[in-house]
Amino acid sequence: MHLPGLARVNREQFGEYTMMVYHNQTYTNFDLDRAADGLAAGLRRLGVRPGDRVLVMLPNGPEVPVSYQGVARTGAVIVPLLGALEAAEVAQIAADCAPVAAIAGVASINKIPPGLLTVVVGGTGPAAFAVLAATAPDGANHEPAPADLAVILYTSGTTGQPKGVMLSHHNLAAAAAAGARARGVGAEHTVLLTLPLSHSYGLTVMNAMFLQGCRAVVLPRFGEEEFCRAVQAYGVYQTALVPAMLARLLRFPAFGQYDLTSLKLVAVASAPCPAEVLLTFQERTGARVLEGYGLSEAAPTVTLSRPWLPQKIGSSGTPVDGVALRVTDGDGRVLPAGEVGELWVRGPNIMMGYYNRPEETAATLVDGWCRTGDVARIDIDGDLYIVERKKDLIIRGGFNIVPRDVEEVLHRHPAVAEAAVVGAPDPVLGEVAVAYVALHPGAAAAAADLLAWCRQHLAKYKCPERVEFLTSLPRNSLGKVLKRELKRAWP
């Protein structure tokens, strides 16, 4: 299977149907397919050849799947870029992967390095769609091999310089198929896409749609009011969010004024979801929140909570089809169920390696396994629990502090809207915990109040040394807290 093959299976299995709704304009799967064939022909006329790299920097919309399919049908390699990236960051990625062309929206065109063949997609909806569909198909589409490189997905850089994750057509198709089987969504359902489709999470949700046959309502970006209106207007059954989006919805003053009863399933991944946020969202909507775990190196789906199984709060679910997990000690020895160590992952979705980084590839891919760098445990039933990213652990005088443990306690305080805990250097203890907190609008709490709260619920060594207040936590475009930004306050 390959990316063009996903669209082929979709056509054969479901026939023509409304696949996307964007700005109240509908697009059938056949519309998207014809536009992708036209774009592929246009790119070939511009000189794009198999193996070439093509940057795609577009806001959410039907143009995204058309662009990905169009590039794939030339045999070229897709390099998705988040719209939030600045010109210097785009230039850094371009210097690494040497693209020959770019497809960009008007808001991003000034970020594309000079000298590239560039398809400029102006406007939104039908006008933008028409740009990509302007060329007549030429019947010369390339048939990729499953092992061919399909996408170079640059990591978000929350912990360092972004690396290009090389994903084959088989990696992406396997992740799409496994995700489609695990999500409990069918052709009769409407889903809401509000995640950036240029991110690995949004990409795999979009790819899975080809195999589900469902209708997708697409939002240009996440917004509380836009989300609620879309769910109410279109009878949305399922969506995929990150924990920060759940928290924002719960704080939205008009949240309870919308009819959200159609919403039954909400997949949540990309960052740990505080239990208080998850349970409150379920209570207020009646929807089931399904936690999952993934990473770009796994295209990205590793585990998902299944809607038909009992819910385990804090669990990221069990592995999707074809994926195996193990937890290891510092020497790579496999640990028994319940013990904490580094998570290793194996499966058909695991990346080919990092682009132009053979040493880092060799350190990450070991005997067919991918070392995630995440600290986890697996229970006797095979459910995965992410404890912390290895590099985020705080070692205070020889004792390990898991930031998530402290963050969960802070989230339970009625005044706290957001909390993140990082390590700060200490001349005696090596590191100490410092909490960064944003309060609910109108709420009041002093640092001493929150420190006392922590002492009531945590061992003394786990309690933060200090509490710093912010209006909001720094996050990337997907809502993940940028802990490196918080750590910059410390020498």
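In the predicted model, strand S9 (residues 190-193), helix H7 (residues 200-212) and strand S10 form a β-α-β unit of right-handed sense. S9 and S10 (residues 215-218) run parallel and are joined by four bridges, and Leu193 has Val218 of S10 as its bridge partner. S9 also pairs with strand S11 (residues 238-241), again in the parallel sense, through two bridges. In this second pairing, Leu192 is matched with Thr239 of S11. The side chains of S9 alternate in direction: Thr190 and Leu192 point one way, Val191 and Leu193 point the other way, and all are buried.

A further β-α-β crossover involves strands S12 and S13, with helix H10 (residues 275-285) between them, and this crossover is likewise right-handed. S12 (residues 265-268) pairs with S13 in the parallel sense over four bridges, and the bridge partner of Val268 in S13 is Glu291. S13 (residues 288-294) is largely enclosed by the rest of the structure, because six of its seven residues are buried.

S13 additionally pairs with strand S14 (residues 301-304), here in the antiparallel sense and over three bridges. Within this pairing, Tyr293 is bridged to Thr303 of S14. The two strands form a hairpin with six residues between them, and in this hairpin Ala299 adopts a positive phi near 65 degrees. S13 therefore has a parallel partner in S12 and an antiparallel partner in S14, while being largely enclosed, with six of seven residues buried.

Helix packing was examined for H1 (residues 3-14) and H2 (residues 29-45), whose axes lie 11 Å apart at an angle of about 145 degrees. The crossing of H1 and H2 is left-handed. On the H1 side, Ala7, Asn10 and Arg11 take part in the contact, meeting Asn29, Phe30 and Asp33 of H2.

The cysteines were considered with respect to disulfide formation. A disulfide is a covalent bond between the sulfur atoms of two cysteines. A search of the whole structure returned zero disulfides. For Cys273, the closest cysteine sulfur is that of Cys228, at 17 Å, which is too far for a bond; the cut-off applied is 2.5 Å between sulfur atoms. Cys273 has a relative accessible area of 2% and is therefore buried. Cys370 also counts as buried, because its relative accessibility is 0%, where the limit for this class is under 20%.

Note on methods:
Residues numbered from 1 in each chain as written. Predicted model: local features only at pLDDT ≥ 70, side-chain atom pairs only at ≥ 80, totals over all residues. Heavy atoms only, no water. Buried < 20%, exposed > 50% of the residue type's maximum accessible area, 1.4 Å probe, protein only. Pairing = 2+ DSSP bridges. Right-handed = clockwise from strand over helix to strand, strands pointing away. Axes fitted to C-alpha atoms, helices over the stretch in contact; angles between N-to-C directions. Left-handed = near helix turned anticlockwise from the far one by under 90°. Contact = heavy atoms within 4.5 Å.
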